[in-house]
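The following account leads the reader through the strands of a protein model and then to its internal cavities. Please keep the sequence and the coordinates at hand while reading.

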Amino acid sequence: MPAPRRDIGAAVPVARTRTWVPAGPLDVRLTVLPWRRGGTDPSFRITPDGAVWRASRTPAGPGTLRITGSPAQLEGHAWGPGAQWLLDALPGLLGAHDDPSAFVPRHRVVHQAHRRHPGLRLTRTGLVLEALIPTILEQKVTTTEANRAWKLLLFQHGAPAPGPAPADRMRVMPDARGWALIPSWDWHCAGVDNKRASTVLRAVRVGARLDSLAALPPEEAGRRLQSISGIGPWTAAETLQRSHGAADALTVGDLHLPHHIGYALEGTRRSSDEAMLRLLAPYEGQRHRASRLILLATHAPPRHAPRLAPNPPNRHS
């Protein structure tokens with residue numbers, strides 16, 4: 001269901017603003033791209049003028065953040081009940097809590113990627129539930145299927161983003177109660193099987209307590225996430241990469257990542273989690289950063305079989 005259009009003559013809400021100067025090189029686009037769930041994600045936009053827009057459900061309520069300016073000086077503009085929370089979190093969102101100085105390249109390809117992308121920082125949103133739910137939707141399906149489900153569920157059950165969001169099409173995800181009230185047919189029509197839907201429902205029953213995990217070290221937060229049935233190491237790592245900016249949260253159990261890492265570092269087309277862990281052992285404490293740099297700098301190994309085709313969308317009869 002499309003978002004309702006605002007009246008053309010309606011007054012534009014006044015934004016809260018903040019200026020922030022990064023302490024070192026910063027590539028805003030590379031840093032924030034982990035927020036995006038596909039090119040048509042209703043909660044994320046990069047507009048033609050280069051502005052980054054993010055619609056988010058914060059502990060203070062829904063909010064919209066726009067980031068403009070240059071890496072030398074960035075401007076944050078925010079709207080909605082969560083505006084001040086988003087502005088307070090702006091430095092962390094842009095990698096201020098990340099310390100890349102601890103990273104030492106051990107392979108030529110990693111060294112080259114590190115040199116070419118000095119502004120890559122690891123984002124830290126501080127929002128565990130917001131990072132967790134779309135990650136659950138990605139379990140055991142293609143990225144295309146997961147992104148479609150996220151988009152449909154936000155348009156059907158989310159809320160319009162506060163403020164002058166681009167094209168009136170940005171959406172804030174539901175709160176915990178809103179996720180819990182989604183009927184089974186809507187999960188089905190979004191292509192989400194019962195296993196993933198049930199995992200989301202178990203997560204939202206914990207509700208606001210999940211976001212309190214942002215204050216814990218990533219290792220402890222990961223253990224607590226995995227105490228929820230249906231959340232394993234893959235889901236926990238993908239969540240912590242965004243919520244905590246966890247430099248060592250390597251994605252284990254991924255269908256493609258071990259092959260990509262193995263091909264980049266030793267030329268093998270087929271690999272395993274065990275081989276990936278061995279290859280990235282020199283980067284212990286920084287293995288997620290190392291894997292991101294490798295993905296930026298190298299191609300995936302050649303395929304010998306067709307890509308997995310997404311399941312056809314479910315439609316009303």
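In this predicted model, a convenient starting point is the pairing of strand S4 with strand S5 (residues 73–79), which is antiparallel and extends over seven bridges. Within this pair, Thr 64 stands opposite Trp 79 of S5. The connection between S4 and S5 is a hairpin of two residues.

S4 itself spans residues 61–70 and is also joined to S3 by seven bridges, again with the two strands running antiparallel. Here Arg 57 has Pro 62 in S4 as its bridge partner. As for the link between S3 and S4, a hairpin joins them through two residues.

From S3 the pairing continues to S2, to which S3 is joined by three bridges in an antiparallel arrangement. One position in this pairing is Arg 45, which stands opposite Trp 53 in S3.

These pairings belong to a wider arrangement. Strands of a sheet pair through backbone hydrogen bonds, in either a parallel or an antiparallel manner. In the present model, five strands form an open sheet with antiparallel pairing, in the order S1-S5-S4-S3-S2. Strand S1 (16–20) and strand S2 (44–46) each have a single partner strand and stand at the edges, so one side of each is left without a neighbour in the sheet. From one strand to the next, the twist averages 20 degrees. A helix accompanies this sheet: helix H2 (residues 83–93) lies across S1, S3, S4 and S5, and runs at about 15 degrees to S1.

Attention may now turn to the interior. The structure contains two cavities of 30 Å³ or more, and the volume of the largest cavity is about 160 Å³. Which residues lie closest to the centre of the largest cavity? Of the 20 residues in its lining, these are Trp 35, Ser 43, Arg 54, Glu 130 and Trp 150.

The lining also leads back to the sheet. Strand S3 (52–58) provides four residues, the largest share of the lining of the largest cavity. At least two lining residues come from each of S3, helix H4 (128–137), helix H5 (143–157) and strand S7 (171–172). By class, this lining comprises 10 nonpolar, three polar and seven charged residues. S3 thus appears in both parts of this account: it is joined to S4 by seven bridges, and it supplies four residues of the lining of the largest cavity.

Technical notes:
Residues are numbered from 1 along each chain as its sequence is written. This is a predicted model: local features need pLDDT of at least 70, side-chain atom pairs count only at pLDDT 80 or more; totals for chains, interfaces and linings use all residues. Side-chain values use heavy atoms; hydrogens and water are left out. On a 1 Å grid over the protein atoms alone, a cavity is a set of points where a 1.4 Å probe fits but cannot get out, and a pocket is an open set with protein on both sides within 12 Å along at least five of seven lines; lining residues have an atom within 4 Å of a point. Grid points are joined across faces, edges and corners, and a volume is the space filled by probe spheres set on the points. Ala, Val, Leu, Ile, Met, Phe, Trp, Tyr, Cys and Pro count as nonpolar, Asp, Glu, Lys and Arg as charged, and the others, Gly among them, as polar. Two strands pair if DSSP finds at least two bridges between them. Axes are lines fitted to C-alpha atoms, for helices over the stretch in contact, and angles run from 0 to 180 degrees between N-to-C directions. Contact means heavy atoms within 4.5 Å.
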